[in-house]
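Here is a short tour of one protein chain, written for a reader who likes to check numbers against coordinates. Keep the viewer open and follow along.

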Amino acid sequence: MSAHSLPEDAAVWHSLEIDKALELLDSNADDGLTPSQVEERLLKYGSNELEEHGGRSPWQILLDQFTNIMLLMLIGVAFISGFLDFLSLQQGTLKLGEVPFKDTIAIMAIVILNGVLGYVQESRAEKAL
């Protein structure tokens, strides 16, 4: 039996006993593959290298920071808070010394800070890969 008789999608040689795997892969524990076997398998399977995929663009990394459901909810709360403060400002119902939009500004600052920190962290991780 040879490696070529194994189904491509069901090669389970890695879970077999050593002797059985060597037999199925048409190899030898002491000598490995012959030069002709190496050449044949290089032609059939290609070199043993990982394919590099172009990672995410910086814009994609930044956009991904703001797709978290909790952040989207915070952005929604900030808009609602801003809208309510706007209505209070229009109606003149703000209390003396009360700063309009303070909650909106605080929430959006947290959202932006979270986005920037997440972007920096993921950019570094992407470069490391």
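V116 sits in helix α5. This is a predicted model, and in it V116 has a relative accessible area of 43%, so the residue counts as partly exposed. Which residue lies 51 positions away from V116 along the chain, with 8.1 Å between the C-alpha atoms? That partner is Q65.

The helix that carries V116 deserves a closer look. Helix α5 covers residues 102-128, 27 residues in total. From its first C-alpha to its last, α5 reaches 39 Å, close to the 39 Å expected at 1.5 Å a residue. Which residues of α5 are buried? They are T104, I107, V111, G115, G118 and S123. Their cover includes α3, residues 58-64, and α4, residues 69-91. As background for reading such a list, an α-helix has 3.6 residues a turn, so residues three or four places apart point the same way.

Helix α4 can be read in the same manner. Its end C-alpha atoms are 33 Å apart, which agrees with the 33 Å that its 23 residues should span at 1.5 Å a residue. The buried residues here are L71, I75, A78, S81, G82 and D85. Among the elements that cover them is α5, while α4 in turn is part of the cover over the buried residues of α5.

Now for the loops. Most residues other than glycine have a negative phi, which makes the next two residues worth a look in the viewer. D26, which is not a glycine, has a positive phi of about 55°. Its loop runs between α1 (18-24) and α2 (35-45). F101, also a residue other than glycine, has a positive phi near 70°, and it belongs to the loop between α4 and α5. S57 is a loop residue too, placed between α2 and α3. Where does S57 stand relative to E39? The two are 18 residues apart in sequence, and their C-alpha atoms are 38 Å apart in space.

How accessible are the residues picked out so far? Buried would mean under 20% relative accessible area and exposed over 50%, so the values below fall in the class between.

| Residue | Relative accessible area | Class |
|---|---|---|
| D26 | 39% | partly exposed |
| F101 | 27% | partly exposed |
| S57 | 37% | partly exposed |
| V116 | 43% | partly exposed |

Stepping back to the whole chain, the secondary structure comes to five helices and zero strands, in the order α-α-α-α-α along the sequence. Why is this chain described as more spread out than a compact globule? Its radius of gyration is 30 Å, well over the 14 Å that the globule rule gives for 129 residues, so the chain is more spread out than such a globule. Along the principal axes, the C-alpha atoms fill a box of roughly 90 × 25 × 20 Å.

Of the 129 residues, 16% count as buried. Among contacts with a separation of 6 or more, 48% join residues 24 or more positions apart. The chain exposes about 10400 Å², with carbon and sulfur atoms supplying 63% of that area. For anyone thinking about electrostatics, there are 8 positive and 19 negative side chains, and the centres of the two sets lie 14 Å apart.

Notes
Residues numbered from 1 in each chain as written. Predicted model: local features only at pLDDT ≥ 70, side-chain atom pairs only at ≥ 80, totals over all residues. Heavy atoms only, no water. Helix = DSSP H or I, 4+ residues; strand = E, 2+ residues; numbered from the N terminus. Rg over C-alpha atoms; globule rule 2.2 N^0.38 Å. Buried < 20%, exposed > 50% of the residue type's maximum accessible area, 1.4 Å probe, protein only. Contact = heavy atoms within 4.5 Å. Areas by Shrake-Rupley, 256 points an atom, 1.4 Å probe, with all protein chains shown as cover. Lys, Arg positive; Asp, Glu negative; His and termini not counted. Charge placed at Lys NZ, Arg CZ, Asp CG, Glu CD. Expected span 1.5 Å × (residues − 1).
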